[in-house]
Amino acid sequence: MPKTAGYYPIQIPYLLSEPFQQYVDYQEEPVASLSEFVICYWQMIPRTKEIQLLENIIIADGCIDLVVAFDQQQIGFSGTRETDFHFPVSSTERFMGLRLKPGAFAQLFQRSAEQGMDQFLPIERIDSDFDSEEFFKHSFSEAKEYLIAYCENQLMTRTADAYTRLFDELTEQLPASAAELYDQLGLKERSCQRIFQEKYALSPKKVLSILRFQKGLNDLLQINEQTTLNYYYDQSHFIQDFKRNIGITPRELIQYYRN
């Protein structure tokens, strides 16, 4: 998986589901021209022509993605507050998307993150000038370039604000508690909760939980379990958090990764 500075949440459906790995090729790549607001471009394409109904596991990461269900001809924004273990996909369908940094949706479109979280928001509700019919006339590879060019045009004169940069900064220096986070931001508890709800559709405690889990997951995939434990109260908390987020224990994940 790509290594970049700052917050880079991990999505690993190919490790969490053997049928997914068998039938679907999942890939990610950073896009340098969009890096201030976009974590990566991703795509899912069929490995075979055999039709299977699969379950994609989407790990909660605080992001709202611009998602393209290419064969369904749907494009819009969507994120999830909790891990979705049962997102149905057909093995023959093609998907692509741009994973926006947490806070980017709210900043770029001047809308509450609530509108793009735990639901699908068609792009036309955000940008009435976007021509979906024209977009889906392109081949899959052409649509990728169209999508990136569209976002480059939208971001040409924009600069990430403090809340779009915050997950990057907190990744480098993760507060031990919500109280420490409030102090670090110079905010009262109620103000922080209100702002986080607007920017991320998440509570401050949930943001810290996501960051702690993602840092631990990244370390674990580098086979560094001891460092991972530094983010948790104890081993029991560590194991429970992993099972809640990805459905398996840390040791099971390491075994899948090694295989």
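Strands here are DSSP runs of at least two E residues, numbered from the N terminus. With that in hand, welcome to a quick tour of this predicted model. We start at Asn-56, which lies in strand 3, residues 53-58. From there the tour moves to an open sheet of six strands, then to some helix packing, and finally to two loop residues with positive phi.

**Asn-56 and its surroundings**

- Asn-56 has a relative accessible area of 8%, so this strand 3 residue is buried.
- Leaving aside residues up to four places away in sequence, Asn-56 touches Pro-13, Phe-20 and Met-44.
- The list of contacts of Asn-56 also includes Asp-84, Phe-85, His-86, Phe-87 and Val-89.

**The six-stranded sheet**

- The strand order in this open sheet is 1-2-7-4-5-8, and the pairing is antiparallel.
- Strand 1 (24-29) and strand 8 (121-122) are the edge strands; each has a single partner strand, so one side of each has no neighbour in the sheet.
- Strand 1 pairs with strand 2 (residues 38-46) in the antiparallel sense, over six bridges.
- Within this pairing, Tyr-26 has Met-44 of strand 2 as its bridge partner; Met-44 is also one of the residues that Asn-56 touches.
- Helix 5 (residues 140-155) packs on the sheet, where it touches strand 1, strand 2, strand 4 (64-69), strand 5 (74-79) and strand 7 (95-100).
- The direction of helix 5 makes about 20 degrees with that of strand 7.

**Helix 8 and its two packing partners**

- Two packed helices are described by the angle between their axes and the distance between the axes.
- Helix 7 (residues 178-185) and helix 8 (residues 189-200) have axes that come within 10 Å and cross at roughly 85 degrees, which means helix 7 is roughly perpendicular to helix 8.
- Leu-181, Tyr-182 and Leu-185 make this contact from helix 7, while Glu-189, Cys-192, Gln-193 and Phe-196 make it from helix 8.
- Sorted by class, the contact of helix 7 with helix 8 has five nonpolar, one polar and one charged residues.
- Helix 6 (residues 162-172) packs with helix 8 at an angle of about 95 degrees, their axes being 11 Å apart, and so helix 6 is roughly perpendicular to helix 8.
- In this contact, helix 6 contributes Tyr-163, Leu-166 and Phe-167, and helix 8 contributes Ile-195, Phe-196, Lys-199 and Tyr-200.
- The class count for helix 6 with helix 8 is six nonpolar, no polar and one charged residues.
- Phe-196 is worth finding on screen: this helix 8 residue takes part in the contact with helix 7 and in the contact with helix 6.

**The buried side of helix 12**

- Pro-250, Leu-253 and Ile-254 are buried in helix 12 (residues 250-258).
- These residues cover an arc of only 100 degrees around the axis, so they sit on the same side of helix 12.
- An α-helix has 3.6 residues a turn, so residues three or four places apart point the same way.

**Positive phi in a loop**

- Most residues other than glycine have a negative phi.
- Gln-110, in the loop between helix 3 (104-109) and strand 8, has a positive phi near 50 degrees.
- With a relative accessible area of 65%, Gln-110 is exposed.
- Asp-118 is also found in the loop between helix 3 and strand 8, and its phi is positive at about 60 degrees, although Asp-118 is not a glycine.
- Asp-118 counts as partly exposed, because its relative accessibility is 43%.

Note on methods. Residues are numbered from 1 along each chain as its sequence is written. This is a predicted model: local features need pLDDT of at least 70, side-chain atom pairs count only at pLDDT 80 or more; totals for chains, interfaces and linings use all residues. Side-chain values use heavy atoms; hydrogens and water are left out. Helices (H or I, at least four residues) and strands (E, at least two) are DSSP runs, numbered from the N terminus. Buried means under 20% relative accessible area, exposed over 50%, partly exposed in between (1.4 Å probe, protein chains only). Contact means heavy atoms within 4.5 Å. The arc is that of the directions from the helix axis to the C-beta atoms. Axes are lines fitted to C-alpha atoms, for helices over the stretch in contact, and angles run from 0 to 180 degrees between N-to-C directions. Angles under 35 degrees count as roughly parallel, over 145 as roughly antiparallel, 65 to 115 as roughly perpendicular and the rest as oblique. Ala, Val, Leu, Ile, Met, Phe, Trp, Tyr, Cys and Pro count as nonpolar, Asp, Glu, Lys and Arg as charged, and the others, Gly among them, as polar. Two strands pair if DSSP finds at least two bridges between them.
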